[in-house]
Amino acid sequence: MKIGVIDYGMGNLFSVEQALKRLGCEVIVTAQEQELDEADALLLPGVGAFPDAMKRLAETKLDCYLQKVQAENRPLLGICLGMQLLFEESVEVTPTKGLGFFKGSIQRFSGIQGEQFYRVPHMGWNELIVMNRPAWLKGETPAEHVYFVHSFYATNIEPTELVAYADYHGIEVPGIVAKGSITGMQFHPEKSGELGVYLLEQWLKGVAAC
């Protein structure tokens with residue numbers, strides 16, 4: 001299976017590439033649309049600020065390409081910032097429109113819940129609570145925790161699109177979202193041990209089944 005990792009200049013590409021290769025994938029890391037068209041599925045990574053990422057996608061015209069990917073019902077997985085870009089908007093730095101594949105807004109953790117303060121960013125291992133299972137995620141998961149590191153999270157999302165969440169000081173943080181051929185993971189599956197590898201592998205099997 002060939003996976004195209006979208007290189008728009010703001011992703012931790014090496015770790016994702018190596019994780020996919022360990023699962024037996026042929027990986028191409030590129031911003032060239034013709035090369036991405038040859039892939040069976042696409043992965044949108046992301047590290048950094050939302051406005052910078054959307055600017056880079058626009059400069060490379062990959063934002064328009066991703067709209068075509070969704071319209072053609074091609075499998076796409078967004079990871080961390082890559083997942084956040086799939087939503088309608090973000091308030092990070094300055095209000096910025098996203099790709100709009102999922103309903104919802106990316107907001108910053110406030111750092112206070114009731115009268116209790118909590119740490120921002122949300123960083124470390126957190127239990128992933130599965131709510132709705134897409135076709136590619138069947139059966140019992142081998143572990144419960146995945147690794148998060150982020151200061152912003154998706155809010156006001158469509159409940160039917162929420163696959164799994166993590167409870168962070170009483171806040172339901174969307175961990176996995178799915179809609180049609182589009183999937184997002186807020187955590188880093190390539191850094192999330194047994195469960196992260198399992199989720200990435202199950203997503204790939206879902207791609208193969210299609």
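Helices and strands are here DSSP runs, helices having at least four residues and strands at least two, and they are numbered from the N terminus. The model described is a predicted one. In these terms, Glu 190 is placed in the loop between strand 16 (182-185) and helix 6. This residue is one of three at which UniProt, in an unreviewed entry, places the feature "active site"; the other two are Cys 80 and His 188. The three positions are spread over 111 residues of sequence, yet they cluster in space, with a largest C-alpha distance of 11.1 Å. Two of them, His 188 and Glu 190, belong to the lining of the largest cavity.

Glu 190 has a relative accessibility of 15% and therefore counts as buried, since the cut-off for a buried residue is under 20%. Apart from neighbours within four places in sequence, Glu 190 is in contact with Ser 15, Val 16, Ala 19 and Ile 79. With one of these residues, Ser 15, the side chain of Glu 190 makes a polar contact of 3.4 Å.

Cys 80 lies in another loop, the one between strand 4 (76-79) and helix 5 (81-84). Its relative accessibility is 9%, so Cys 80 is also classed as buried. When neighbours within four places in sequence are set aside, the contacts of Cys 80 are Gly 46, Val 149, Met 185, Gln 186, Phe 187 and His 188. The list thus includes His 188, another position of the "active site" feature in the UniProt entry.

The same unreviewed UniProt entry carries the feature "domain: Glutamine amidotransferase" at residues 5-194. Over this stretch the chain is 21% helix and 37% strand. The C-alpha atoms at the two ends of the stretch are 22 Å apart.

The interior space was examined next. One cavity of 30 Å³ or more is counted, and the largest cavity holds about 30 Å³ of space. Its lining consists of Asn 12, Val 16, Pro 45, Gly 46, Val 47, Ile 79, His 188 and Glu 190. By residue class, this lining divides into four nonpolar, three polar and one charged. Val 16 and Ile 79 appear in the lining and are also among the contacts of Glu 190. Gly 46, likewise a lining residue, is one of the contacts of Cys 80.

The largest pocket has a volume of about 270 Å³. It is lined by 15 residues, and those nearest its centre are Trp 136, Gly 180, Ser 181, Gly 206 and Cys 210. Two elements give two or more residues each to this lining, namely strand 15 (171-179) and helix 6 (193-209). Helix 6 gives the most, with four residues. The lining residues of the pocket comprise nine nonpolar, five polar and one charged.

Thr 183 is part of strand 16. With a relative accessibility of 3%, Thr 183 falls under the 20% cut-off and so is buried. Beyond its neighbours within four places in sequence, Thr 183 is in contact with Leu 76, Leu 77, Gly 78, Leu 86, Trp 136, Ile 176, Val 177, Ala 178 and Trp 203. One of these contacts, Trp 136, is also among the residues nearest the centre of the largest pocket.

A second threonine, Thr 60, occupies the loop between helix 3 (50-59) and helix 4 (62-71). Its relative accessible area is 26%, and Thr 60 is therefore partly exposed. A polar atom of the Thr 60 side chain lies 3.2 Å from the backbone oxygen of Leu 57. Thr 60 and Gly 82 are separated by 22 residues in sequence and by 16 Å in space, C-alpha to C-alpha.

Some features of the backbone were also noted. The peptide bond from Val 120 to Pro 121 is cis, with omega near 15°. Pro 121 is in the loop between strand 9 (116-117) and strand 10 (122-127). Asn 73, a residue other than glycine, has a positive phi, near 60°. Asn 73 is found in the loop between helix 4 and strand 4, and counts as exposed because its relative accessibility is 53%. His 169 also has a positive phi, in this case near 55°. This histidine is in the loop between strand 14 (162-168) and strand 15, and His 169 is partly exposed, with a relative accessible area of 43%.

Terms used: Residues are numbered from 1 along each chain as its sequence is written. This is a predicted model: local features need pLDDT of at least 70, side-chain atom pairs count only at pLDDT 80 or more; totals for chains, interfaces and linings use all residues. Side-chain values use heavy atoms; hydrogens and water are left out. On a 1 Å grid over the protein atoms alone, a cavity is a set of points where a 1.4 Å probe fits but cannot get out, and a pocket is an open set with protein on both sides within 12 Å along at least five of seven lines; lining residues have an atom within 4 Å of a point. Grid points are joined across faces, edges and corners, and a volume is the space filled by probe spheres set on the points. Ala, Val, Leu, Ile, Met, Phe, Trp, Tyr, Cys and Pro count as nonpolar, Asp, Glu, Lys and Arg as charged, and the others, Gly among them, as polar. UniProt positions are given in the numbering used here, feature names are shortened, and annotations may be inferred rather than shown by experiment. Buried means under 20% relative accessible area, exposed over 50%, partly exposed in between (1.4 Å probe, protein chains only). Contact means heavy atoms within 4.5 Å. A polar contact is a pair of N or O atoms within 3.5 Å; within protein, one must be able to donate a hydrogen and the other to accept it, and residues adjacent in sequence count only if both atoms are side-chain atoms.
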